[in-house]
Amino acid sequence: MNTLGIYVQVPFCQTKCTYCNFHTGVVSSARFAPYVNCVCGEIAGHRGLYAAAGITLPAAIANCMVDTIYVGGGTPSLLDPGHLARIVAAVRENLVCKLTEVTLEADPETVTEEKAAAWVAAGINRVSFGVQSFCDAELQAAGRMHRRADVYRAAAILRAAGIGNISFDLIAGLPKQTRETWRESLDLLVGLAPEHVSVYLLEVDEGSRLGGEILRGGNRYSAGDVPGDDEMAEFYETACSVLGRAGYEHYEISNWGRPGFASRHNLKYWRREAYLGFGAGAHSFSGTERWANGHDADEYVGALTAGRLPVEQVEKLTAESALEEELFLGLRQLEGIDVGRIEREYGVSLETRFARLRAAGLIEREGSLVRLAPGRVSVSNEVFVELMK
Ligand code: SF4
């Protein structure tokens, strides 16, 4: 039986980190309950809301069993635990569920013993922490609310509460980060033995205050102290070797897990399996169609209160765009893609596209499997650009 993932977006934060390019807002906690009411309403009424918005949910998806929920943000751990319990309950009550992985994104400073116990009682069994760095000077420069000590405190609380699956995020390229502090963050992370690790490279674009400042050549937000591209690439390679030596399997460009701890929910994205997203800005994929809710939380609440889904983008995938997704999403997984299956399914030959990349040493082929060549994962963007030509 096919399975379905559920994503719930909580677009609220305590402050805005300087590097953040997400659509999240700092709002009064009085706004949380009306938002959660609307999310629960969207979950309960999703079939009718989709139909009214012109979205067709294939029968095979409508009756799929939900095995993963991912509550992301923003900072969903800011919500009252009762809100989170209501969201998980709404999924259980309105969809066929056999939940194996229920993830909550959390910021370390928001974790308390009471919250952790309530999360476990609500069925949350995985926590993804926005650690970003173990170096307080970097955390401060990035506008983060937590410090290194909060990570240790929060991790101990979660373990004591019975959370057996913890993921830590790190960012390579934060202002003030050096080769030494990056190595220290990796070593301290390994010392805390999370089951899963994500390493992201700092994104520089106009969507964040820090990115805009870097692009303008300014020095606010410590923009002048951001490592260069070569250093960032070196940091990524260091992460690969430190995490590999510590026993983590590198299964996706940005993700590592102890054996058996790859994120089941996130694998659905790269494998093009179906997921439904609820909340402002949440994206959904039915296998044939992609759509997203508008990201403005106020407009979302207004629309849902009026009984309407504020869908902004609906895209019926053509065979060509589905094939492109198979390649650039699939190749993010280090195990690679099954070219034989893709060629059969899409009635194409991919040999010409792959020949150039193989000749350049960027990919390797083993029977029907094609994957990024070892040591070339950090230049994956080049591979994707070439593939789409
Ligand atoms: S906590 Fe995360 S979502 Fe919120 S502002 Fe910081 S980076 Fe953005």
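**View 1. The overall size of the protein chain agrees with that of a compact globule.** With 389 residues, a compact globule would have a radius of gyration near 21 Å, and the protein chain has 21 Å, which agrees. Here the radius is taken over C-alpha atoms, and the globule rule is 2.2 Å times the number of residues to the power 0.38. This is a predicted model, in which local features need pLDDT of at least 70 and side-chain atom pairs count only at pLDDT 80 or more, while totals for chains, interfaces and linings use all residues. Residues are numbered from 1 along each chain as its sequence is written, and side-chain values use heavy atoms, leaving out hydrogens and water. Along its principal axes, the C-alpha trace spans about 55 × 55 × 45 Å.

**View 2. Helix α8 covers residues 179–192.** Helices (H or I, at least four residues) are DSSP runs, numbered from the N terminus. At 1.5 Å a residue, the 14 residues of α8 should span 20 Å, and its end C-alpha atoms are 20 Å apart, which agrees. The expected span is 1.5 Å times one less than the number of residues. After α8 comes A193, with a positive phi near 55 degrees.

**View 3. Meet the buried and exposed residues of α8.** T181, W182, S185, L186 and L189 are buried (under 20% relative accessible area; exposed is over 50%, partly exposed in between, with a 1.4 Å probe and protein chains only). Seen down the axis of α8, its buried residues fall within an arc of 140 degrees, so they line one face of the helix. That arc is taken from the directions from the helix axis to the C-beta atoms. E180 and G191 are exposed on the face turned away from the buried side.

Note on methods:
Helices (H or I, at least four residues) and strands (E, at least two) are DSSP runs, numbered from the N terminus.
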